[in-house]
Amino acid sequence: MDAFTYREENGSRVLHAEGVSLTAVAAAFGTPTYCYANAVLVARYRALAGAAPHALIRYSIKANDTLAVIRTFARLGAGADIISGGELHRALRAGMAPDNLVFAGPAKSRDEMDLALASGVGQFNVESPAELDALDEAAQAQGTRAPVALRVNPDVDADTHDKIATGRRGDKFGIDDGEIPALYARATAMDGIEPVGLAVHIGSQLTRLAPFEAAFDRLVALVENLRAAGHAVERLGLGGGLGVRYRDETPPDVAAYGALVERARQRLGVTMLIEPGRWLVAPAGLLLTRVIAVKQAGGRCWALVDAAMNDLMRPALYDAWHAIDPVAEPAPDVDMVVTEVAGPVCESGDVLGRARQLPPLSPGDLLAVRDVGAYGSVMASTYNSRPLPAEVMVRGDALSSIRPRQDHESLLARDLAPSWLA
Ligand SMILES: *Cc1c(COP(=O)(O)O)cnc(C)c1O
């Protein structure tokens, strides 16, 4: 479903988020602004839950950590995958039950472990023998037992961008599969640890099912091995990673993915956990930005806009491609102009889109950078002393602020002068 469509407004056709025009969003909240459509979040969650009806869905908060998004999924019955103490705070504040939280991430500090144990987090995915020892100690100190899944590095290439592949032998994630049987046995003997199963997460933006299958095959072999040794293995986490279509990718459809999860469950008789992030939220958000200036330079047409790499890092960090649509629908006969869309940050990498077919643009025109609901605002920074952008959510005709734009004073408020400079 696409909740972002051109609709009539005052005699012209304007891009809307559900029932709200983006010109109205810009008028009310300014730009740059992240705008999310709640209907897309709900529809995608329901589609995934329908495709994998027996799996426990643990929304990966790092994809989008706004309370409004987390709460939307909490209300639909999701738990969450958290990878920091900060995300734990957010998940609890958003109304997630602690038992429905999975604490993942390659290195948890003792403080984070203490907080998660005291909060009653339902599962810890442990990524090293040292972490297992530390968690055992932390749990014993609180007189409790930590439910643990060991995260396996299955040595599978997810066939995705190098920076978001996480299941290859040389990546920093997980425990080599050869070490799992001995470590699982050791975990069983620990007073502070209750081993419940295994987990993998091989990467993000996977556009084929084969790497998921390969990772799962590795897990099957390990589970059989562990069970033969007399261990109970009740839970299997398949991680997140299901890809979306940004441009011309053809990711597997959710039904095929769900069928894979269900096959895994039936084959091993385990509870399956999945940790989707991107797939649930990427298409639900756009970044609304206004053209500041247009210039011809170096034989190119540049549209300089008020959103930049600090607001949306994906193009600079991953060479990611996001569609960029004009908010005012172009007339059908307009001659498109090949345009570079770039931000105001002083870096040549601050380009949101290269060589885009756009109608002739003027200062003040609005553009929408599409499919930025995942790994968009969460990666925003204040580089160049640019305040963090506003974030809003639409539901039907209702438009709500979910994160006001940062102002210059609050940016400065963290700074202190040493007494000798006062
Ligand atoms: C990032 C991450 C996810 C979510 O990945 P997506 O590609 O956004 O679905 C799930 N599990 C773990 C452990 C992660 O680090």
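In the predicted model, three strands form an open sheet in the order 1-2-3, and their pairing is antiparallel. Strand 1 (4-9) and strand 3 (20-21) stand at the edges of this sheet, where each has a single partner strand, so one side of each is left without a neighbour in the sheet. In general, the strands of a sheet pair through backbone hydrogen bonds, in either a parallel or an antiparallel manner. Strand 2 (residues 12-17) and strand 3 run antiparallel and are joined by two bridges, and A17 has V20, in strand 3, as its bridge partner.

The surroundings of the ligand were examined next. The space that the ligand takes is the largest pocket, and there are 14 residues around the ligand, of which K62, S204, E275, R278 and Y375 come nearest. When the residues of this shell are divided by character, three are nonpolar, six are polar and five are charged.

Oxygen atoms of the ligand lie at short listed distances from polar atoms of the protein, contributed by both side chains and backbone. In the side chain of K62, an N or O atom is 2.7 Å from an oxygen atom of the ligand, while for S204 a polar side-chain atom lies 2.3 Å from an oxygen atom of the ligand. At G241, by contrast, a backbone N or O atom is the one concerned, and this atom lies 2.8 Å from an oxygen atom of the ligand. On its own, the ligand has 390 Å² of accessible area, and the protein covers 94% of this area.

Conventions
Residues numbered from 1 in each chain as written. Predicted model: local features only at pLDDT ≥ 70, side-chain atom pairs only at ≥ 80, totals over all residues. Heavy atoms only, no water. Near = heavy atom within 4 Å. Polar contact = N/O pair within 3.5 Å; in protein donor to acceptor, adjacent residues only side chain to side chain. Areas by Shrake-Rupley, 256 points an atom, 1.4 Å probe, with all protein chains shown as cover. 1 Å grid on protein atoms, 1.4 Å probe; cavity = no way out; pocket = protein on both sides within 12 Å on 5 of 7 lines; lining within 4 Å. Sits in = over half its atoms within 2 Å of the grid points. Nonpolar A, V, L, I, M, F, W, Y, C, P; charged D, E, K, R; others polar. Pairing = 2+ DSSP bridges. Helix = DSSP H or I, 4+ residues; strand = E, 2+ residues; numbered from the N terminus.
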